[in-house]
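Welcome! Here is a short guided tour for someone meeting this structure for the first time. Please have a look at the picture, and then read on.

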Amino acid sequence: IIPGLQSSLALWRLDIDSELLFIGDAGDTEPGRASRRRGVEWNNHYIAAPWLLFDLDLATSHARYRQHDPVGQHIPGSLAKVASFGATVTGLGRWSAGLQARYFGPRPLIEDASTRSRATTLAYARIGYKFSPSTQLSLDVFNLFDRKASDIDYLYRSRLPGEPREGVEDIHFHPVEPRNARLTLTHNF
């Protein structure tokens, strides 16, 4: 319908006999209750000009345990909303560039969803220069806006020195890497 646009829409459902859940105290996973996940994914790739392309991917999902339990039906760590946007410039002489942004929505950290993680949005950029058909220099910048966020969050009870013997229930997380850059020289023989 729109020249240069490739778009796909997927409706899906997944029944799992046993969800694997991360157990903080053990640093391992263990089997959990049966679950059902269903969702919609919309993927778009648009060639705006011979040298400019855009990508936009959106997804939403609904994940719940199938067996009732008074602690709740939400699956800890399950994403409900994800989005990705990218723009790529190629074929402008020796130069190329790209920008990509990713969004991961808040996630329930326990079965009743009373504690949730924050959403995470990160951006990445790349610029490249081709010296010859076989040699290229590129600069990548990760976490472009130096966002303070976490890659993943968990809620579980832990104990630090001086805390009560039964421990304290708290959010544990792995932070995203701070802004950093990588310069790459590639030569193909």
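A good place to begin is a pair of strands: S8 (residues 120-132) and S9 (residues 135-142) run antiparallel to each other and are joined over eight bridges. Within this pairing, Ser 132 has Thr 135 in S9 as its bridge partner. Strands here are DSSP runs of E with at least two residues, numbered from the N terminus, and two strands count as paired if DSSP finds at least two bridges between them. The model is a predicted one, in which local features need pLDDT of at least 70 and side-chain atom pairs count only at pLDDT 80 or more, while totals for chains, interfaces and linings use all residues. Residues are numbered from 1 along each chain as its sequence is written, and side-chain values use heavy atoms, with hydrogens and water left out.

**The sheet**

S8 and S9 belong to an open sheet of eight strands with antiparallel pairing, in the order S1-S4-S5-S6-S7-S8-S9-S12. Which strands stand at the edges? They are S1 (5-16) and S12 (180-187); each has a single partner strand, so one side of each is left without a neighbour in the sheet. On average, neighbouring strands of this sheet are turned by 10 degrees against each other, direction ignored. Such angles are taken between axes, which are lines fitted to C-alpha atoms, and run from 0 to 180 degrees between N-to-C directions.

**A nonpolar patch**

On the surface, Leu 9, Leu 11, Val 40, Trp 42, Leu 56, Leu 58 and Phe 85 form a nonpolar patch with about 630 Å² of accessible area together. At least two of the patch residues come from each of S1, S4 (35-49) and S5 (52-65). Val 40, for instance, lies in S4 and is partly exposed, with a relative accessible area of 31%. Patch residues have over 30% relative accessible area and no salt bridge, and nonpolar side chains are joined within 5 Å. The areas come from the Shrake-Rupley method with a 1.4 Å probe; buried means under 20% relative accessible area, exposed over 50%, and partly exposed in between.

**Salt bridges**

How many salt bridges are there? The count comes to eight, where a salt bridge is a side-chain nitrogen of Lys or Arg within 4 Å of a carboxyl oxygen of Asp or Glu. Three of them are listed here:

| Pair | N to O distance |
|---|---|
| Asp 15 and Arg 13 | 3.0 Å |
| Asp 17 and Arg 66 | 3.8 Å |
| Arg 126 and Asp 140 | 2.6 Å |

The pair of Arg 126 and Asp 140 leads back to our starting strands: Arg 126 lies in S8 and Asp 140 in S9, so the pair ties together parts that are 14 residues apart in sequence. Asp 140 is buried at 0% relative accessible area, while Arg 126 is partly exposed at 35%. Salt bridges with shared partners join Arg 13, Asp 15 and Arg 36 into one network. In that network, Arg 13 is exposed, with a value of 55%, and Asp 15 is partly exposed, with 33%.

**A buried serine**

Ser 78 sits in the loop between S5 and S6 (81-92). Is Ser 78 buried or exposed? Ser 78 is buried, with a relative accessible area of 6%. The side chain of Ser 78 reaches the backbone oxygen of Ile 75 at 2.8 Å.

Methods. Helices (H or I, at least four residues) and strands (E, at least two) are DSSP runs, numbered from the N terminus. Patches are made of residues with over 30% relative accessible area and no salt bridge: like charges are joined within 9 Å, nonpolar side chains (Val, Leu, Ile, Met, Phe, Trp, Tyr) within 5 Å. Buried means under 20% relative accessible area, exposed over 50%, partly exposed in between (1.4 Å probe, protein chains only). A polar contact is a pair of N or O atoms within 3.5 Å; within protein, one must be able to donate a hydrogen and the other to accept it, and residues adjacent in sequence count only if both atoms are side-chain atoms.
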